[in-house]
Amino acid sequence: MIYKGKQKIWSDYQKEIPDDHWFYARSCIRQNFFPASEKYFLEIGRNVLGRDICDTEHHTTCGGIAYHSDVIPQETAMTIVARQFALMTEMGYRNLVASCITSFGNYTEILETWREFPELEARIREHLWKSCRREFEKPEYLAHASDLMYKWRNDIAERAQYRLVNKDTGEPLDIVEHIGCHYSKMFPHKGVGGAEYPCVLSGMVESWGGRIVDYPERRHCCGFGFRQYLVKANRGYSVSNTYKKFESMEPFHPDGIITNCPGCPYFLDRWQYVIAEQTGKTYGRDGFGIPVFTYEELAGLVLGINPWDLGLQLHQTAVEPLLDKMGVAYVPADKYLGLNREDLLRPELPSVLKCF
Amino acid sequence: MKEKVLIIGGGIAGMEAARQLQALGCSPLLVEKEHGLGGHVARWHKLFPDMLSAESLVTELEAGLSGVTVYRHTEVKSINRLKDSYSVKLSNGENLVVRAVLLATGFRLFEAAKKEEYGYGVYDHVVTNADLEAWMNGFPDERMPEAPRAVGFVHCVGSRDIKAGNSQCSKVCCMTAVKQAIEMRERYPQAEVYCFYMDLRLFGKKYEDFYIGAQRDFGIHFIRGRVSEVGETIDGRVQVKAEDTLLGKPVKVILDLLVLMSGMVCNPSASALAPQLRLEIDSDGFLRSRDNVAGILESGRPGIFYAGACTGTKTVPETLAEARAAALRIYQYLQA
Amino acid sequence: MKDFGFTLSPSSAVSLDKVDSRLWHKLLETSPDAAVCISCGSCSASCPAARWSGMSIRKVLLALQRGQSVAPMLSCCMLCGKCTMVCPRGINTRKLILALCRICEKP
């Protein structure tokens, strides 16, 4: 691997990301899958780094899942998105940051479509006015939340309590980065680093002391694939794609996986359990899997936030192997304690994949 | 007095045209931006279909230049039309007045790194057709593996590729790939060699014989399918994905070396000169000839002529034939 | 094994470096001209068995090189020789089929 060659490509795909004043569009599924990720994005942005990020309870889903599952027509998705833009405008913001990769892709696709077909934008404005008497300005800057985290990576590194370094050997941890398909495959110039060698996550990992694993199936889909998962008859295709990725990364013995999409960490995490049950195979050491994280969770760990406050107990694949390598202090007994030390009850443990 | 003719480009077209113009009693002035003459051919190893040594061709052409004024390391800074001649300013400070100008600016190899998915400049063992020829010529290249067990060739890199800005076929790469595949197999008989092609365009004399030989005598695997993506394995080898479109199934192979057949695109120095001389650019990005049947050598501007790959992809024999024809055409123009 | 209602799907991808090409190389020993096939399809287009049975010399030769099974297709050949007549590369396809049948019987 020639690192300089990647740097050259990265320099061709730099994206302007304003430093402050963002309207935050949450994901519809992340709060269930990774309940603390969005909370800690706001926490890190606002309280650690002092940025102004607007979070409103009035916004809805972007319609992306329904759109990509052929449930709603694009005009409907556009009108939903127009309403988000209207909220942003009403609250006095010009920069929109999306929590979800599919939302980011959806917003990007819609803005690009309107640029090509202004008559469609005019029609959507009309739809929005008729349906809820709102008007909107298009965002001046559109970013994915991982773009902001990428921009903040060195600020976070300066405040790091732990680094992505093996505390016993001093060696950098080997981290697999997985980028959501809708981040830059549709519009390579809208992603930091482009689509073939994105550096949005690898930049964070390197800044926090880790080492990136570039394995042959790095660019391959996580396996979610919308209808490949949502239709149960197709789910074999979903898990097979994930299996293909794990088989390809296995020889590199990664210590962890960082992702920037709602679906990817979910499937890379949960399917390890299904693959283990079906094939008897696990990809970490001693029967464990490879821990999978969102970029907010990894940033939170680096900043020294309690792993159980970061919601890591909701992962299927045990995160403890990575916590131990980093030397993160945690109380194993507190794993299944919720807010105000409420007992969340212990989950049933799988028969093959080792978990706590 | 001998009529002066400026020849821009000291590749094989410029050299051959200079030699012919000299023989016809003109005074050719050959301008080459690099030190060495022969352009791309000077860096090439063997030429199909007879496996002629490229070096011997360049040496032969260079020997024919005695008496020709050659400006090495020199570029044309500006060029202006006078009444029936051209005033030329060279980068060495000299000013020339010439009766005719021959553009023999040739081509530039498509920058393989632009096809990011192939990992040229990123993965350790990905080279271009030109890199391979240079290595065969004895230039060390650390990307070349010691004793390869598997070698792949990707046809049409940056050619027939609308997204890369080149819808045209680069024409010579298919035959070059077959030639290089055979050469690799000769050097490394234990290596499996794969050619990934979209169509095999083997149009020239004896090209098809090469292809039959590659199949029958060298056991080269021809896979009809374009490589979609390249990755690197843990031991630094190259993983290639394609579809075998004849079989209707995706295929995957791990290689020790991947050779990208970069196509020809117009030399940017020709594109830079074009506006000064009000020359038109054709839809394929090369210089536009008066017409593409009987007027390939003519620019449509008085006293400005073309030879070789400045008007499109050409083979070596085609380029040499054009150079000779252009010399004669210029001679006739000067006589009139 | 736990029943999830779905399982890993087998991949249809062919790994070229892991192909079992023993049959192909065995064939080349007696019929080296098999290598010059260009998959033009004229053999299959003129084959009286092709449209009913799926027999195709083109597919047989390709399948052998990719390590796929060919025996079911071979059994449909009627040895009429039309494919030999139309092959532009002069491959003696009839001889080739007989040679293949022999190889498949005695691997």
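Me: How much area is buried between chain A and chain C?
Reply: About 1,000 Å². Carbon and sulfur atoms give 67% of that area. Buried area here is the accessible area (1.4 Å probe) that two parts lose on being put together, summed over both. This is a predicted model: local features need pLDDT of at least 70, side-chain atom pairs count only at pLDDT 80 or more, and totals for chains, interfaces and linings use all residues. Residues are numbered from 1 along each chain as its sequence is written, chains are lettered from A and ligands numbered from 1 in the order in which they are written, and side-chain values use heavy atoms, with hydrogens and water left out.

Me: Which three residues of chain A supply the most area against chain C?
Reply: Lys232(A), Glu277(A) and Gln278(A). They supply 44% of what chain A buries there, more than any other three residues.

Me: And how many residues are in contact?
Reply: 13 from chain A and eight from chain C. Contact means heavy atoms within 4.5 Å.

Me: How many salt bridges and polar contacts are there between chain A and chain C?
Reply: Zero salt bridges. A salt bridge needs a side-chain nitrogen of Lys or Arg within 4 Å of a carboxyl oxygen of Asp or Glu. Four residue pairs are in polar contact, both at pLDDT 80 or more. That term means a pair of N or O atoms within 3.5 Å; within protein, one must be able to donate a hydrogen and the other to accept it, and residues adjacent in sequence count only if both atoms are side-chain atoms.

Me: Which elements give two or more residues to the chain A side?
Reply: α12 (235-249) and α13 (263-279) of chain A. Helices (H or I, at least four residues) and strands (E, at least two) are DSSP runs, numbered from the N terminus.

Me: Switching to chain C. What is its secondary structure?
Reply: Seven helices and one strand. The order along the sequence is β-α-α-α-α-α-α-α. Its C-alpha trace spans about 55 × 30 × 25 Å along the principal axes. Of its 107 residues, 40% count as buried. Buried means under 20% relative accessible area, exposed over 50%, partly exposed in between (1.4 Å probe, protein chains only).

Me: Back to chain A. What does Glu247(A) pair with?
Reply: Lys281(A), in a salt bridge with the closest N and O atoms 2.8 Å apart. Glu247(A) lies in helix α12 and Lys281(A) in the loop between α13 and β8 (292-294), so the pair ties together parts 34 residues apart in sequence. Glu247(A) is partly exposed at 29%. Lys281(A) is also partly exposed, at 25%.

Me: And Arg115(A) with Glu112(A), how far apart are N and O?
Reply: 2.8 Å, again a salt bridge. The two sit three residues apart in helix α6 (residues 101-116) of chain A, about one helical turn. Arg115(A) is exposed at 56% relative accessible area. Glu112(A) is buried at 15%.

Me: Where is Glu117(B)?
Reply: In the loop between β10 (107-109) and β11 (126-128) of chain B. Glu117(B) counts as buried, at 15% relative accessibility. Not counting residues up to four places away in sequence, Glu117(B) touches Glu196(A), Arg219(A), Ser228(B), Glu229(B) and Val230(B).

Me: Which residues are linked in a network of salt bridges?
Reply: Glu196(A), Glu217(A), Arg219(A), Glu229(B) and Lys241(B). Over all chains, the structure holds 60 salt bridges.
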